[in-house]
Amino acid sequence: MAGAAGVLGLLLLLLLGSLGGCGGSTAPPRDSLREELLLSPLPSGDLAATFQFRARWDSELHREGGGPLTLLPAVSHYRLFPKALGQLLSKYLVRELHLSLTQGFWRTRTWGQPYLQAPAGAELWVWFQDSVTDVDKAWKELSNILSGIFCASLNFIDSTNTVTPTASFKPLGLANVTDYHLLRYAVLPREVVCTENLTPWKKLLPCGSKAGLAVLLKAERLFHTSYHSQAVHIRPICRDASCLSVSWELRQTLTVVFDTFSIGQGKRDWSLFKMFSRTVTEACPLASESKIYVDISSKTQENELLEVTPPPLSVHEASVQGDRRTYAVYDLLSPFLFNVSRSLNVQLKWKRPQDSLDLSTPVLHAQRYVSGYGLQTGEISTLIYNTHPYRAFPVILLETVPWYLRLYVHTLVITTKGKENKPSYIHYQPAKDRRRPHLLEMLIQLPANSVTKITIQFERALLKWTEYTPDPNHGFYVSPSVLSALVPSVIAMKAEDAEQSPLFTSLFPSSDGSSYFVRLYTEPLLVNLPTPDFSMPYNVICLTCTVVAVCYGSFYNLLTRTFHVEEPNRGGLAKRLANIIRKVRGVPPL
Amino acid sequence: MGLLSDPYRRRALSRLILRLNTPLCILSYLAGLGWFLGLASPPFTLRSYMSENAMGSTMVEEQFVFGERALSYAREFAGHKKKVGGIPVAWLEKTMWNLGLEVYKQPFSRTLPFPDETRERYMVKGTNVYGILRAPRAASTESLVLSVPCSMGQHNNQAVGLMLALASYFRGQIYWAKDIIFLVNEHDLIGMEAWLEAYHDVNVTEVLSSGMLGRAGAIQAAVSLELSSDVITSFDVAVEGLNGQLPNLDLVNLFYAFCQKNGLLCTIQGKLQRTDWDTLPAYVHSLQTLLLMVLKQGSGRPQGDHGLFLRYHIEAITVRGINSFRQYKYDMGTMGKTLEGMFRKLNNLLERLHQSYFFYLLPSLARFVSIGVYMPAVGGLVLVLVLKISPVPQLQGEWESSGLQQGQA
């Protein structure tokens, strides 16, 4: 009897176990990781390397007690999505978060249009959910927590450098309500990026820097570059083409530009080992896709301008930023890749030197500088170039100017080809001293093949003497301005499925195939404010005390001294001596 | 304050001034003049020192070795300049491009109010060519300028060669925090002013120029180089700028410090400094140097291309290589090392130069007279005027009282 019950129990257990096992194997994976490295030679001969690590977290929609639909990570089981960021999303009801730390400036004119650009310094912009009650409080706490996670001084973000743009920063992920009061944007132009910021960024990756493409991220070589930008983008996306369910997407991107002139001693050849002092040996085991793309568009245009070794297993063609481009693909997960050697070292050799002075200029680029001289007034001038031969398109310009440069909006002048160009939309929020900065947003139409100049005059304020930094003669920074535009493309681009196409084509949502979205940043400006002589407080104290002591004494004397007539009397010897001394001194005698 | 509140004393004092007015005036005038002439002597001068902390403490080894390259660039430039008959724009653009700089050119033109003596022309047309060395990992917020004037004939060819050699050396270094602009300006001061006006987007002298395309942020300091021979015997520095404005004294001290470090002979006003300080001939020599500087400042004319930078709050000096009949000559390598050292120190600056004096007189390169010391000379001259007008209230009182008496009587 017991034996039969035992056998039955075992059978039951086996059945349940197999059911459970079947159930486990047929349930869809909850999150996925894709990693990608894009190596693109830039028109000026430098090399840009863009790493993208995308973790997609399939959480459930969560409805908070019958209220509006709130996207929240449902459970607290974190596998590929980092727990630090997941907890942030649920605590502060964040819809989208974009943080970038950049050192250097992307020179659009010589390097071409970037895939993802970031302003010099630290930039943070966040869309909150509409169930947030106090957006400013959530913003302040969020920026402080991010400052701790990334070891960056984001705690300096306060109301004097935070603005609420109305049109420039639309959500990049799914959004049904876009009330711009839920958006906050801040830039800290003085921040630098160093190993302290790279390490926590690398720690968020599922494989860390131990396997996959992240082994190339060694600080010693990464910080030998002309431009270094690392970013974290979190947004909700559709899980598939039908968009019935929503997932969270975390993209970690890192862009570096290697100066091949100084590395290669004049020759523009490069290899992975020369740049990163490492080669790739395996893909990250947790990744569902791990690829290296090399831009070989120049190869097909003219005959055999460059040569890539090892020869790629496949070639991918895509229309990116209005251009037909060809990419050599190295799939780290394919078994054929590591047949020849254990490690992959992609090399590129230029057969012919590049033509010197004819660079193809990008369709949209901009420049900003301060005109005028002196410490009282000045003028911020922005030049926007549209080099498209026949298409005009509008651009949204967002300027954030700190309060101590007092802008005079009546001096705003926009000229194109000598004629005045009126913007079709202006949103201006004046500054409040020590509270908030100026915000100027304009929608400007750029005619074809033209240069538009936007100038606005300002006056430099005199700060209170305790508000000066220890190095006031260094100057004060003005954050970079943002240009957002839908640039018309030369060729028709077909919308590709986000899951099949490479990561670098799917960051910005493209609505139709005739134009692509571009966001550009201009240079930060360094402006000197009139500084007092900081030794003056000591001098003033000395002078005031001297004047008070001397003048007060004599005035008191003048006002209160009375004169009496004294009878002269002849006294003793001592008195006579004293009188002589008194006469010499000029004082009346005793 | 018994002196001023005692009526007896006050009257005695004013009577003294009245009685001795002319002798006192002559005395104060002579005291002011004597003080001024005495400025060149040791009690009034201080040894120069670096005030800016960021420029003081680093001791780096300069590694510039491209002296030969500088000479070959100079020969090529001379040949092309002769062929073109002006500034060889195409050759300069191509050479700067091959060095890895971002090259731009700026054509300008100006109608002179009076015809130029040498060529009897009213319209001056020229082109400035400049290349920008972008510092790695910097957002182009600050920059330094090394400018060389492109003169007619055989002048300043070696300066262009040295500039190009320095550019090629600087391009390979990783430590630049500021962009460096290498500028070759045509027609000396007119070209320099055209470039500065276009850079700052102002219109002060109505020079017509095409807009400037390449910018590098706020310029912190500039050095203008003039060199017309392959080897030199000394480096001369010119400080006086437009309308007598002077650069910060730290820049002159920087030049002197690096000349001493590399063993280069350096002069000011073309005069070598003497080592004996206490003798009469040394005093006369210092006085001559000082008076030359005062005269040049008084003329208001900039003594080099650097003089035009000062208006824009950019500290600048002009460094000239002099080749005289001296035994010991210095080659391009030493000159390059000196300039490299200066630029590396300027690269270290965190703030604009503001710590040292802006108003000073230089009896020699190692000594200076600050404004606090030379002002009493002017004070002595102004005291004459004060003495002349100070007894007037007393006199007025006396006239009134005598007038009253006369009126009464």
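In this predicted model, A:Ser277 sits in the loop that runs between α8 (272–276) and β12 (289–295) of chain A; helices here are DSSP runs of H or I with at least four residues and strands are runs of E with at least two, numbered from the N terminus. The phi angle of A:Ser277 is near 55°, a positive value in a residue other than glycine. Residues are numbered from 1 along each chain as its sequence is written, and chains are lettered from A and ligands numbered from 1 in the order in which they are written. Because the model is predicted, local features need pLDDT of at least 70 and side-chain atom pairs count only at pLDDT 80 or more, while totals for chains, interfaces and linings use all residues; side-chain values use heavy atoms, with hydrogens and water left out.

Chain A offers another loop worth a look. A:Pro310 lies between β13 (306–309) and β14 of chain A, and a cis peptide bond with omega of about -10° joins A:Thr309 to A:Pro310. Strand β14 (residues 314–320) then pairs with β15 (residues 323–331) of chain A in the antiparallel sense over 7 bridges, where pairing requires that DSSP find at least two bridges between the strands. Within this pair, A:Ser319 stands opposite A:Arg324 in β15(A). The two strands form a hairpin with 2 residues between them, and A:Gln321 in the turn has a positive phi of about 55°.

Turning to chain B, an open sheet of 9 strands follows the order β6-β2-β3-β5-β4-β7-β10-β8-β9, with mixed pairing. Its edges are β6 (208–209) and β9 (266–268) of chain B, each with a single partner strand, so one side of each is left without a neighbour in the sheet. Strands β4 (residues 142–150) and β7 (residues 218–226) of chain B run parallel and share 6 bridges, with B:Ser143 opposite B:Ile219 in β7(B). Helix α6 (residues 157–171) of chain B packs on this sheet and touches β3 (123–133), β4, β5 (179–186) and β7 of chain B, contact meaning heavy atoms within 4.5 Å. The direction of α6 makes about 160° with that of β5(B); axes are lines fitted to C-alpha atoms, for helices over the stretch in contact, and angles run from 0 to 180 degrees between N-to-C directions.

A further open sheet of chain B has 3 strands in the order β1-β12-β11, with antiparallel pairing. Here β1 (46–47) and β11 (360–361) of chain B are the edge strands, each pairing on one side only.

The two chains also meet each other. Their contact takes 35 residues from chain B and 43 residues from chain A, and about 3,300 Å² is buried between them, 55% of it on carbon and sulfur atoms. Buried area is the accessible area (1.4 Å probe) that two parts lose on being put together, summed over both. On the chain B side, B:Trp97, B:Arg137 and B:Leu213 lose the most area to chain A, together 23% of what that side buries. The chains share 2 salt bridges, a salt bridge being a side-chain nitrogen of Lys or Arg within 4 Å of a carboxyl oxygen of Asp or Glu. A:Asp259 forms a salt bridge with B:Arg171, the closest N and O atoms being 2.8 Å apart.
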